[in-house]
Amino acid sequence: MHSSAEPLGAGPGPMVPLPFAVAARRQETADTWTLELEPRGGASLAFAPGQFTMLSAFGAGEVPISISGDPDGDGPLVHTVRAVGLATRAICASQRGAVLGVRGPFGRAWPAGEIEGADVLIVAGGIGLAPLRPAILTLLARRERYGRLLLLYGGRSPSQLLYTAELAEWEARGLELAVTVDSAGPEWIGHVGVVPRLVARARFDAGSAVALLCGPEVMMRFTAAALAQSGVGDDRVYASMERNMQCGIGHCGHCQFGPTLICRDGPVYRWSELQPWLAIREL
Ligand SMILES: Cc1cc2nc3c(=O)[nH]c(=O)nc-3n(C[C@H](O)[C@H](O)[C@H](O)COP(=O)(O)OP(=O)(O)OC[C@H]3O[C@@H](n4cnc5c(N)ncnc54)[C@H](O)[C@@H]3O)c2cc1C
């Protein structure tokens, strides 16, 4: 007799992709698209900010992609995808009505509840703003529960910035925004330089502030160092580790990082948990 808590036939299980149809598709930058997906038959997916799905374009491959939509809404499942290789190019090329496979949601979320009362610095580089968007929407929906909310965001150039139409709306709702680009023409009137440099200029209560980071690993290392210099300890810095993975449920071991599996124990970690392993070259 079957004795597990999960009755037989309760669901297809975490390895079976569910069909979702592309309901809307929006180009964000030259190589990045936001896709809104609707379940074909089943219910919409509940998720916590920072979680990801294993998203597949049939015949092209399956890849981990963070959910970039609003966790509070019961709207479509939203992903923002940068076309870098076989699977992501096929996902980005999917037109309205095309069916993609979705497994998940998986992974550990941003600690939105634990950090209530603190000033929160959200530090994003490039496509790293996508996994942070659900956290921003969650914090803004409960604006009164947090101290200062700051978004420090950097891209390679002004044309590579995501969600540009939304940034002003977030500012109007109480987010302090600083945007920087690596290089820009004369029409750009904002900061020029790398994101970690924005930390020293930002005003926040270093004794209690918390930081949420997502971007290239080198950017996160320099940001964590700048935060430490400003007095924000590694145990108050959280980072999303977007390294490659395959099963998403802690079985295959492809995403092993030190003693942890990123799909199961991450992708969101405290910087103090990552630090010993990041110090080992090529781990
Ligand atoms: C938890 C998590 C969340 C992610 N969220 C997003 C997201 O919201 N949006 C998004 O666009 N991407 C995201 N990624 C990265 C995405 O999974 C990769 O870009 C994708 O796996 C590349 O697959 P591909 O078949 O298109 O490219 P491939 O043909 O496999 O590779 C193309 C190039 O991309 C590099 N690459 C492959 N996988 C990764 C990876 N995981 N990270 C960085 N470089 C990689 C390869 O080394 C190669 O240079 C996330 C990754 C993880 C682990």
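# Close-up views of a predicted model

**Figure 1. Pairing of strands β7 and β8 in the predicted model.** Strand β7 (residues 120–125) and strand β8 run parallel and are joined by six bridges. Within this pair, I122 of β7 has L151 in β8 standing opposite. The model is predicted, and every panel that follows shows that model.

**Figure 2. Strand β9 and its link to β8.** On its other pairing, β8 (residues 149–155) is joined to β9 by seven bridges, and these two strands run parallel. L177 in β9 is the bridge partner of L151. From β8 the chain passes through helix α3 (residues 164–172) before reaching β9, a β-α-β crossover that is right-handed. Strand β9 spans residues 175–181 and is mostly covered, with five of its seven residues buried.

**Figure 3. Strands β9 and β10.** Strand β10 (residues 191–192) pairs with β9 in the parallel sense, over two bridges. T180 and H191 in β10 stand opposite each other.

**Figure 4. The seven-stranded open sheet.** The strands follow the order β10-β9-β8-β7-β11-β12-β15, and their pairing is mixed. Each of β10 and β15 (268–270) has a single partner strand and stands at an edge, so one side of each is left without a neighbour in the sheet. Strands of a sheet pair through backbone hydrogen bonds, in either a parallel or an antiparallel manner.

**Figure 5. Antiparallel pairing of β1, β2 and β5.** Strand β1 (residues 18–29) and strand β2 (residues 32–39) run antiparallel and are joined by eight bridges. The connection between β1 and β2 is a hairpin of two residues. T29 has T32 in β2 as its bridge partner. Strand β2 also pairs with β5 in the antiparallel sense, over six bridges. In that pairing, E36 has V78 in β5 standing opposite.

**Figure 6. The largest pocket.** The space in the largest pocket amounts to about 1,200 Å³. Its lining comprises 45 residues, and those lying nearest the centre are R82, I127, G128, P216 and E242. Two or more lining residues come from each of the elements β4 (61–66), β5 (77–82), α2 (129–141), β8 and α5 (217–230). Sorted by class, the lining of the largest pocket holds 22 nonpolar, 15 polar and eight charged residues.

**Figure 7. The second largest pocket.** A volume of about 170 Å³ belongs to the second largest pocket. D70, G73, D74, G75 and P76 are the closest to its centre of the 14 residues that line the second largest pocket. This lining divides into seven nonpolar, four polar and three charged residues.

**Figure 8. Cysteines C255 and C263.** The cysteine sulfur nearest to that of C255 belongs to C263, 3.7 Å away, and C255 is in no disulfide. C263 is likewise in no disulfide, its nearest cysteine sulfur being that of C255. A disulfide requires a pair of cysteine sulfur atoms within 2.5 Å, and by this rule the count comes to zero disulfides. C255 has a relative accessible area of 4% and is therefore buried, since buried means under 20%. C263, with a relative accessible area of 2%, is buried as well.

**Figure 9. Two cis peptide bonds.** The peptide bond that joins G104 and P105 is cis, with omega about 5 degrees. P105 belongs to strand β6 (residues 99–106). A cis peptide bond also runs from G266 to P267, where omega is near 5 degrees. P267 is placed in the loop between α6 (262–265) and β15.

**Figure 10. Backbone and burial of Y163.** Y163 is not a glycine, yet its phi is positive, at about 50 degrees. The residue Y163 is found in the loop between β8 and α3. With a relative accessibility of 5%, Y163 counts as buried. Most residues other than glycine have a negative phi, and most peptide bonds are trans.

Conventions. Residues are numbered from 1 along each chain as its sequence is written. This is a predicted model: local features need pLDDT of at least 70, side-chain atom pairs count only at pLDDT 80 or more; totals for chains, interfaces and linings use all residues. Side-chain values use heavy atoms; hydrogens and water are left out. Buried means under 20% relative accessible area, exposed over 50%, partly exposed in between (1.4 Å probe, protein chains only). Helices (H or I, at least four residues) and strands (E, at least two) are DSSP runs, numbered from the N terminus. Two strands pair if DSSP finds at least two bridges between them. A crossover is right-handed if, with the strands pointing away from the viewer, the path from the first strand over the helix to the second runs clockwise. On a 1 Å grid over the protein atoms alone, a cavity is a set of points where a 1.4 Å probe fits but cannot get out, and a pocket is an open set with protein on both sides within 12 Å along at least five of seven lines; lining residues have an atom within 4 Å of a point. Grid points are joined across faces, edges and corners, and a volume is the space filled by probe spheres set on the points. Ala, Val, Leu, Ile, Met, Phe, Trp, Tyr, Cys and Pro count as nonpolar, Asp, Glu, Lys and Arg as charged, and the others, Gly among them, as polar.
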